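User: Hey, got a minute to go through this model with me? I'd like to begin with one of the ligands.

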Amino acid sequence: MADFKKYEPLPKKDRTKVPRQEMPQQDPLERIKNFMEVPHGLSPEAAQIEASRCLECKKPLCMDGCPVEVDIPGFIRLVMDGEFIAAARKIKETNALPAVCGRVCPQEEQCEKVCVLTKKYRPVAIGNLERFVADYEREAGAVMAPKLPPSTGKKIAVVGSGPAGITVAADLAQMGHKVVMYEALHKAGGVLVYGIPEFRLPKKIVAAEIDYLRKLGVEVITSYVIGKLDTVDELMEQEGFDAVFIGTGAGLPNFMKIEGENLNGIYSANEFLTRSNLMGAFKFPENDTPIFAGENVAVLGGGNTAMDSVRTSLRLGAKNAYIIYRRSRNEMPARLDEIHHAEQEGVQFKFLTNPVRYMGDENGWVRAMECVKMELGEPDASGRRRPVVINGSNFTIPVDTVVVAVGNSSNPLIPQTTPGLETNRWGNIKVDDKTMMSSRPGIFAGGDIVTGGATVILAAGAGKVAARGIHNYVMGTPFYADDDKKGAKETESETKK
Amino acid sequence: MFKILEKEELCDKVHRFRIEAPRIVRKAKAGQFVILRQNESGERVPMSIGGLDKENGILTVVIQEVGKTSASMNRMKAGDFFADVVGPLGIPSHVEKFGHCVCIGGGVGIPPIYPIAQALKEAGNKVTTIIGSRSKNLLIFEKELSEASDQLLVSTDDGSFGTHGFVTTILQKMLDDGVKIDMVIAIGPVPMMKAVVNTTRKPKIKTYVSLNPIMVDGTGMCGACRVTVGGQTKFACVDGPDFDGHEVDFDEMTKRLKMYSRYEKIAYEKFLDDEHCRLGKQVKQMDKQDR
Ligand SMILES: Cc1cc2nc3c(=O)[nH]c(=O)nc-3n(C[C@H](O)[C@H](O)[C@H](O)COP(=O)(O)OP(=O)(O)OC[C@H]3O[C@@H](n4cnc5c(N)ncnc54)[C@H](O)[C@@H]3O)c2cc1C
Ligand SMILES: Cc1cc2nc3c(=O)[nH]c(=O)nc-3n(C[C@H](O)[C@H](O)[C@H](O)COP(=O)(O)OP(=O)(O)OC[C@H]3O[C@@H](n4cnc5c(N)ncnc54)[C@H](O)[C@@H]3O)c2cc1C
Ligand code: SF4
Ligand code: FES
C-alpha cells in the first residue's frame with residue numbers, strides 16, 4: 001500500500017525544468033547556539049517533486065557512483081509513487097544504513113557527481129531522498145526485523161561497532177549466525193557516536209541502528225576492549241567463535257609533532273569531539289565531563305573532522321573560529337555541504353596556511369600559534385598539488401584553543417596482540433579484498449582499520465563483503481562461490497531492462 | 001553493571017571498593033588500571049587496580065574524593081552498581097628479578113603499590129616498601145603492605161608516625177647508609193614522584209613512576225593523556241602508565257593536570273551545594289514527621 005498519493009510523472013522533457021528541492025534549514029545565527037540538526041529534511045511533497053526530476057535513465061550512471069550499488073532510480077521511482085517505506089527497503093537491499101548515509105555520504109563526489117543531470121542542471125538530490133525515506137520508515141515505526149533463517153550453529157565475534165561492524169553483524173545475523181559485537185567504549189556506534197556531532201547526525205538515529213541489531217539477535221557488549229580482556233585468539237579458542245571480524249577503525253590521532261603541541265588548550269579532534277558528543281560535555285555541568293573551548297579557536301585540517309570540530313567550537317561559544325588548511329579551498333576533502341554550513345555559520349577559513357609552533361603562557365596554556373603561508377607546487381602522490389612553504393612568511397595568530405584534525409592512524413592494540421596478523425607499513429590490516437580475510441584464517445577485517453580513514457559507506461561496503469566471506473568460511477562453502485551468483489543476478493537484471 | 005560487594009572508609013575522603021568483576025580480574029595484572037563510570041551522565045574516571053582477588057573475581061579500587069565524580073562515587077554503598085568498569089587498561093608493571101626493589105607509595109598511590117609489591121616478591125625479589133602520608137590518621141594499606149613486603153617503612157609529614165618527613169627522607173637515608181637498591185617504583189602525587197626521581201637520578205637507580213594524567217577513553221584514541229617522556233610524546237593509557245621516571249617531564253604534566261580546574265570547581269561546589277540542600281530537605285522532612 002502506498003504511504004502517500006502517487007505523483008503523476010511528468011513527461012521526460014519537462015522534468016529538467018523542475019528546480020532541485022532545497023531542504024529547509026535552521027537559520028545559521030540560531031543554530032550556532034544549539035546542537036540540533038541543521039537541515040530539517042524534506043517534506044513528503046517536496047520529496048515527491050524532487051523524485052520527479054529523475055530521468056529514470058536506462059543506464060543509470062548514478063549507480064556507478066555509489067560504492068554499494070544502491071538501485072537509485074528504483075528507489076526514486078517508489079518515492080514518486082508515494083511508496084516511501086518500500087523505497088527505504090529497496091535501499092536497504094544493499095545499504096544497511098540509509099538514515100546515516102543520507103546524512104553523511106559525500107554525495108557530490110559519488111552518485112550525484114555522475115547523475116546525468118549534473119552536467120547541465122543540478123543533480124537529483126539523491127542523498128536527501130535517501131535520508132527522507134529512511135527517516136519516514138523509522139518515524140512510522142515500520143522498521144521490521146526480517147524473519148530469521150534457522151540457526152546455523154555458528155558463532156561470530158565482531159570487534160568494533162562502527163559502520164563496518166554494524167553492517168557485518170546485521171548481515172551475518174540474517175544468515176542465521178549467532179553474532180556477538182564487542183565495543184571498547186560505553187556506547188556502540190563508532191565514529192557515528194563519538195565523532196560526528198549531533199547537529200549533523202542525531203544520536204537517536206545511531207541508537208535505532210543498534211536497537212535493530214539487537215532485534216536481529218545480535219548481542220552487543222560495550223566497555224569491552226579486545227586485546228586487553230580477551231585477545232582475538234582467545235575469542236576463537238576459548239569463547240568458541242568460529243570467526244572474528246575486526247572493524248576497529250582508525251582511532252589513533254595524528255599530531256604534527258611541532259613545538260608546544262602539549263600545551264593546555266590543544267586537543268586532538270578525537271578528544272574534542274568525544275568530550276562533546278560521547279560524553280555530552282556541551283551540557284556541562286548537567287553532564288560531568290568538561291570541555292574547554294575558548295574565544296579564539298583554530299582547527300587544523302580540511303576534512304569532515306575539521307569541519308565538525310570548528311562548528312562544535314562555535315556552538316560552545318567561540319568568537320573567532322578558524323580553519324587552518326595548508327592547501328586551497330579546492331583541495332579540501334570535507335563534504336561540500338559541511339563547508340557551506342561552516343561558511344554560513346561564520347567560520348573563518350585560512351587557506352594555504354600551516355602552523356609551525358605554539359606559544360604558551362607561564363601556566364602552560366596556549367596563547368598563540370606561529371604559522372607560515374604556503375603555495376601549491378607540483379602534484380604529489382595523492383594527485384593534489386603539493387603545498388610548499390613560502391620562506392619568511394611567518395605570522396602569528398592569537399588562539400586559546402587548538403584542535404588538531406590532521407587525520408588518524410590505526411590503533412595497534414589488536415595487531416600487537418594477535419600473532420601472525422599481517423599489517424602494512426601504516427599499520428592497517430592486510431586482507432584479501434574479495435573475502436576480507438586477513439593473513440590469519442578465520443580472522444576478517446574491514447573499514448578504516450584496513451583502508452585507513454575513509455568513509456562510512458566504504459566501511460559499510462567492506463562489512464557486506466566480509467559478511468559473505470565469513471559466511472562462506474564458516475559454512476565451508478568455496479570462497480568465491482557467491483561471486484558467480486552475483487554475476488548471475490546482474491545478467492538477470494540486464495535482461496529485464 | 002558492576003556490583004559493589006563491599007565498601008569501607010579507609011580514612012577521611014578515601015574509600016576502598018570491592019567490586020564484582022570476574023572477567024577483568026581474570027586478566028588484570030599489577031600496575032594496570034580500570035576506567036569507571038558511575039551512571040549515564042557520568043564522567044569516565046581512571047583508577048588504579050589496588051588489589052586482585054583472583055579466586056573470587058573481586059577487584060579492589062581505592063578512590064579519593066577530589067572533585068565531583070569521585071565525591072559522588074564515594075557516596076555509593078555496598079549493593080550499588082557502577083554503570084561501567086572498563087579494563088584492564090595500560091601495560092602491566094615491569095616485573096622480573098631485579099634483586100632489591102623499593103616500592104614507594106604516597107596517598108592513593110599506596111593501594112596500587114600493593115599488587116606490585118606482591119608480584120615483585122613472587123618474582124623472587126627482596127621488597128622494601130616505603131609509604132608516606134601527611135599524618136598518621138591518613139595512612140592506608142599498612143597491614144596489607146607489611147604482609148607483602150620484606151620490610152615496611154613509614155613516613156609522615158608531621159611526624160605523628162614513623163619517620164618525620166617524606167618518603168624521600170627515608171629513601172635518601174637508605175642510600176646514604178649504602179643500602180644496595182636495584183630498582184625503585186613510585187606511585188603517588190606528582191610532586192612525590194618527582195622528588196623520588198630526583199633522589200635516584202645521581203646514583204642512577206632504575207626508577208619507574210606510574211603517571212596519572214587526565215584521560216578520556218583509555219585506549220589510545222583521544223590523546224588526552226599525552227605526556228612527554230625522553231623528549232617524545234607518549235600516550236600514558238597505552239604506552240604506560242609506568243614510565244622511566246628519569247625521562248618524564250613532570251612540569252608539563254603538572255600543568256596539564258590543571259587544565260580543567262575552573263570547571264572542576266564549579267562541578268564540585270554545585271555537587272556539595274545540592275547535597276547540602278538534599279540533606280537539609282531530609283532534615284526538614286524528619287522534623288515534620290517528629291511533630
Ligand atoms: C569527526 C569525523 C567525521 C566524519 N565525517 C564523515 C562523513 O561526513 N562522511 C563519511 O562518509 N565519513 C565520515 N567520517 C569517516 C567515517 O566516520 C569512518 O570512515 C567510519 O566510521 C569508519 O567505520 P569503521 O566501522 O571502520 O570504524 P569506526 O567508526 O572508527 O568504529 C570503530 C569502533 O571500534 C571500537 N574499537 C576499537 N578498538 C577496539 C577494541 N580493541 N575492542 C573493541 N572495540 C574497539 C572503537 O571504539 C570504535 O567504536 C568521519 C570521521 C570522523 C572522525
Ligand atoms: C592511570 C590512573 C590511575 C589513577 N588511579 C587512581 C586511584 O587509584 N585512586 C584515585 O583516587 N585516583 C586515581 N587517579 C586519579 C583519578 O582518576 C582522578 O582523581 C579522578 O578522575 C578525579 O575525578 P573528579 O571528577 O572527582 O575530579 P575533578 O574535579 O574532575 O578533578 C580533580 C583532579 O583530578 C584529576 N583528574 C580529573 N579528571 C581526570 C581524569 N579523567 N583522568 C585523570 N585525572 C583526572 C585532575 O588532576 C584534576 O585536577 C588515577 C588516574 C589515572 C590516570
Ligand atoms: S543518473 Fe540521475 S537522472 Fe539518471 S537515474 Fe540516476 S538519479 Fe536519475
Ligand atoms: S586516554 Fe585517550 S588516548 Fe589515552
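Analyst: Sure. Ligand 3 is surrounded by A:Cys54, A:Leu55, A:Cys57, A:Cys62, A:Pro73, A:Cys115, A:Val116, A:Val124 and A:Ile126, where near means that a heavy atom of the residue lies within 4 Å of the molecule. This is a predicted model, in which local features need pLDDT of at least 70 and side-chain atom pairs count only at pLDDT 80 or more, while totals for chains, interfaces and linings use all residues; side-chain values use heavy atoms, with hydrogens and water left out. Residues are numbered from 1 along each chain as its sequence is written, and chains are lettered from A and ligands numbered from 1 in the order in which they are written.

User: How does the shell around ligand 3 divide into nonpolar, polar and charged?

Analyst: Nine nonpolar, no polar and no charged. Ala, Val, Leu, Ile, Met, Phe, Trp, Tyr, Cys and Pro count as nonpolar, Asp, Glu, Lys and Arg as charged, and the others, Gly among them, as polar.

User: Switching topic: how many cavities of 30 Å³ or more are there?

Analyst: Five. A cavity is a set of points on a 1 Å grid over the protein atoms alone where a 1.4 Å probe fits but cannot get out, and lining residues have an atom within 4 Å of a point. The largest cavity holds about 130 Å³, volume being the space filled by probe spheres set on the points, which are joined across faces, edges and corners.

User: Which residues lie nearest the centre of the largest cavity?

Analyst: A:Cys66, A:Val70, A:Cys105, A:Cys111 and A:Glu130, out of 15 lining residues. The lining has ten nonpolar, four polar and one charged.

User: And which helix gives the most to that lining?

Analyst: H10(A), with three residues. In chain A, helix H5 (72-80) and helix H10 (126-139) each supply at least two; helices are DSSP runs (H or I, at least four residues) and strands are E runs of at least two, numbered from the N terminus.

User: OK, chain B. Where does B:Ser155 lie?

Analyst: In strand S11 of chain B, residues 151-156.

User: Buried or exposed, B:Ser155?

Analyst: B:Ser155 is buried, because its relative accessible area is 1%, and buried means under 20% (1.4 Å probe, protein chains only). Leaving out residues up to four places away in sequence, B:Ser155 touches several others, including B:Ile131, B:Phe161 and B:Val167; contact means heavy atoms within 4.5 Å.

User: What share of chain B is buried?

Analyst: Buried residues make up 54% of its 291 residues.

How values were computed: On a 1 Å grid over the protein atoms alone, a cavity is a set of points where a 1.4 Å probe fits but cannot get out, and a pocket is an open set with protein on both sides within 12 Å along at least five of seven lines; lining residues have an atom within 4 Å of a point. Buried means under 20% relative accessible area, exposed over 50%, partly exposed in between (1.4 Å probe, protein chains only).
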